[in-house]
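Me: I am new to this structure. Please start at a single residue, look closely at what surrounds it, and work inward from there.

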Amino acid sequence: MGLSPKPQHVDPTQTWEDLDRFLQQNFSQGSKSKEPTIVYIDPDKYVMNTKEIIQSATENGYKTTIIPNGMIKFE
């Protein structure tokens, strides 16, 4: 029998709710320390595109940067 070919693309499964929960959890914990909170996400894991994520983040008070590997940095 043997193996099936390795999947080349995995459909994104994370939603706005997942992103919001992740950011709220990280930024609420980070506010207890003296160091600024910085969070990175891989936009390919989300059903929204990078532009949508950055626009919503900016509208809601986050500073975002796309770093060279394509990840989005939230501050």
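Reply: R21 is exposed, with a relative accessible area of 53%. Here exposed means over 50% relative accessible area, buried means under 20%, and partly exposed lies in between, for a 1.4 Å probe and protein chains only. The model is a predicted one, in which local features need pLDDT of at least 70 and side-chain atom pairs count only at pLDDT 80 or more, while totals for chains, interfaces and linings use all residues. Residues are numbered from 1 along each chain as its sequence is written, and side-chain values use heavy atoms, with hydrogens and water left out.

The side chain of R21 meets that of D18 in a salt bridge, with 3.2 Å from N to O. The term salt bridge stands for a side-chain nitrogen of Lys or Arg within 4 Å of a carboxyl oxygen of Asp or Glu. D18 is partly exposed, at 21% relative accessible area. D18 and R21 are about one helical turn from each other, because they are three residues apart in helix 1. Helices (H or I, at least four residues) and strands (E, at least two) are DSSP runs numbered from the N terminus.

How many salt bridges does the structure hold? There are three. Another of them joins E75 to K63, where the closest N and O atoms are 3.9 Å apart. This pair links distant parts of the chain, since E75 is in the segment after strand 3 and K63 is in the loop between helix 2 and strand 2, twelve residues away in sequence. K63 is exposed, with a relative accessible area of 53%, whereas E75 is partly exposed at 30%. E75 also forms a salt bridge with K73, the closest N and O atoms being 3.8 Å apart. Salt bridges with shared partners therefore join K63, K73 and E75 into one network.

E75 leads on to Y62. Leaving aside residues up to four places away in sequence, Y62 touches L23, Q24, F27, A57, F74 and E75; a contact means heavy atoms within 4.5 Å. Is Y62 buried or exposed? Y62 is buried, with a relative accessible area of 17%.

Next come the rings. A pair of aromatic rings is described by the distance of the centres and the angle of the planes. Rings of Phe, Tyr and Trp (its six-membered ring) pair if their centres lie within 6.5 Å; planes under 30 degrees apart count as stacked, over 60 as edge-to-face and the rest as tilted. By this rule there are two aromatic pairs. F27 and Y62 form an edge-to-face pair, 5.3 Å from centre to centre and with 65 degrees between the planes. F27 lies in helix 1 (residues 16–30) and Y62 in the loop between helix 2 (50–59) and strand 2 (64–66), so this pair ties together parts that are 35 residues apart in sequence. F27 and Y62 are both buried. Y62 and F74 are also edge-to-face, because their ring centres are 5.7 Å apart and their planes stand at 90 degrees. This second pair links distant parts of the chain too: F74 is in strand 3 (residues 72–74), and Y62, in the loop between helix 2 and strand 2, is twelve residues away in sequence. F74 is buried, with 0% relative accessibility. Through these ring pairs F27, Y62 and F74 are linked into a cluster.

The three rings belong to a wider set. The largest nonpolar core has twelve residues, among them F27, Y62 and F74, together with others including L19, L23, A57 and I72. A nonpolar core is a set of buried Ala, Val, Leu, Ile, Met, Phe, Trp, Tyr and Cys residues joined through side-chain atoms within 4.5 Å. Helix 1, strand 1 (39–41), helix 2 and strand 3 each supply at least two residues of the core described above. Helix 1 gives the largest share, three residues.

The strands come last. Three strands form an open sheet in the order 1-3-2, with antiparallel pairing. Strand 1 and strand 2 stand at the edges with a single partner strand each, so one side of each has no neighbour in the sheet. Two strands pair if DSSP finds at least two bridges between them. Strand 2 and strand 3 run antiparallel and are joined by three bridges. The bridge partner of I66 is I72, in strand 3.
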